[in-house]
Amino acid sequence: MRRLINDTELTELVATAVRMMDNVVDASKFPLEAQAQEAAAKRRIGLGVTGLADALLMTGLRYGSEEAARQTEHWMKAIARAAYLASVDLAKEKGAFPLFDVDKYLASGNMMQMDDDVRDAIREHGIRNALLTSVAPTGTISLYAGNVSSGIEPVFAYAYKRKVLQKDGSRTEEEVVDYAVKMWRDLKGDAELPDHFVNAQTLPAMDHVRMQAAAQKWIDSSISKTINVPEDIDFQSFKDVYMAAWDQGCKGCTTYRPNDVTGSVLSVSEDTKSEVVTDKNAGDVIY
């Protein structure tokens, strides 16, 4: 049986996160008074996600598939709903953000498609935060969280060796395994990974676009997503990626193509036993 994220538990977690991030607005120290005034006037926060690709893997869904896109949209809407309602509760308790204008707010893009009960709650009580959701690049954060997949990106590599700088200047080599892959191997041993375990090296560019479009539908601020394309991609195929992003209403489109001029931060080569990914900046070797 496929195990999915519990919507009730997700709602409770989101409410806690929104309260915490709202408190951060007041606790933050800004270099300029104008910055402090801007933050206080809008009380913007940026609740996002990481580990999306791993979550899809653990539910048996192939990242980039239509079913995975639908599930991603469901999760992102659940997060948005919970965030807005938590912010409404904060508005009841502490007041709406100072620049709140109910008519203009409800006429904004994301609120036009939000459920009527959420819109009604905002109309009656106001909302504490002008913007609530975002998708940030979470490379280091995802590593600290057990090497879950980063943000809404696909898994880049299933396992790699990372060189860690120590206090004395030396480096130790640590193996880092993708969270979902580790769980699979803990359960199945050395069994071959199922077909739905895809990574950035094999994922078609259009699957990247599909996932970005699905994830961003309920994001009211910015979104970070990189579409990996092969070095030998032809111009028409490269153009098609951007046109697909435009057609699907993406907020932006960032592509990454390794090349001989600029090189690549992470590059892939093949040896006799496994795929090897080398981080040229840090000296990491990734398998």
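This section describes helix packing and three buried residues in a predicted model.

The structure is a predicted model, in which local features need pLDDT of at least 70 and side-chain atom pairs count only at pLDDT 80 or more, while totals for chains, interfaces and linings use all residues. Residues are numbered from 1 along each chain as its sequence is written, and side-chain values use heavy atoms, with hydrogens and water left out.

It is convenient to begin with helix H7, which spans residues 116–125; helices here are DSSP runs of H or I with at least four residues, strands are runs of E with at least two, and both are numbered from the N terminus. The buried residues of H7 are Val118, Arg119, Ala121 and Ile122, where buried means under 20% relative accessible area, exposed means over 50%, and partly exposed lies in between (1.4 Å probe, protein chains only). These four cover an arc of only 160° around the axis, so they sit on the same side of H7; the arc is taken from the directions that run from the helix axis to the C-beta atoms. An α-helix has 3.6 residues a turn, so residues three or four places apart point the same way. Asp116 and Glu124, by contrast, are exposed on the other side of H7. The buried residues of H7 pack against helix H4 (66–94), helix H5 (102–106) and helix H6 (109–112). After H7 comes Gly126, with a positive phi near 80°.

The packing of H4 against H7 can be described further. Their axes are 10 Å apart and the helices pack at an angle of about 20°, with axes fitted as lines to C-alpha atoms, for helices over the stretch in contact, and angles running from 0 to 180 degrees between N-to-C directions. H4 and H7 are therefore roughly parallel to each other, the class for angles under 35 degrees. Their crossing is left-handed, meaning that the near helix is turned anticlockwise from the far one by less than a right angle, whereas clockwise counts as right-handed. On the H4 side, Arg81, Tyr84, Leu85, Val88, Ala91 and Lys92 meet Asp117, Val118, Ala121, Ile122 and His125 of H7, a contact being heavy atoms within 4.5 Å.

H4 also meets helix H10 (residues 205–216), where the axes come within 8 Å and cross at roughly 20°. That angle makes H4 roughly parallel to H10. The residues in contact are Glu66, Ala68, Ala69, Thr72, Glu73 and Met76 of H4 and Arg210, Met211, Ala214 and Ala215 of H10. The crossing of H4 and H10 is right-handed.

Most residues other than glycine have a negative phi. Arg43, in the loop between helix H2 (33–42) and helix H3 (52–58), has a positive phi of about 50°. Arg43 is buried, at a relative accessible area of 5%, and its side chain makes a polar contact of 3.0 Å with that of Asp26; such a contact is a pair of N or O atoms within 3.5 Å, and within protein one must be able to donate a hydrogen and the other to accept it, with residues adjacent in sequence counted only if both atoms are side-chain atoms. Beyond its neighbours within four places in sequence, Arg43 has contacts that include Phe97, Arg128 and Leu131. Asn147, in the loop between helix H8 (139–144) and strand S1 (159–165), also has a positive phi, near 60°, and is buried, with a relative accessible area of 10%.

Finally, Thr255 lies in strand S4 (residues 254–256) and is buried, with a relative accessible area of 18%. A polar contact of 2.9 Å joins its side chain to that of Tyr242.

Terms used:
Parallel < 35°, antiparallel > 145°, perpendicular 65-115°, else oblique.
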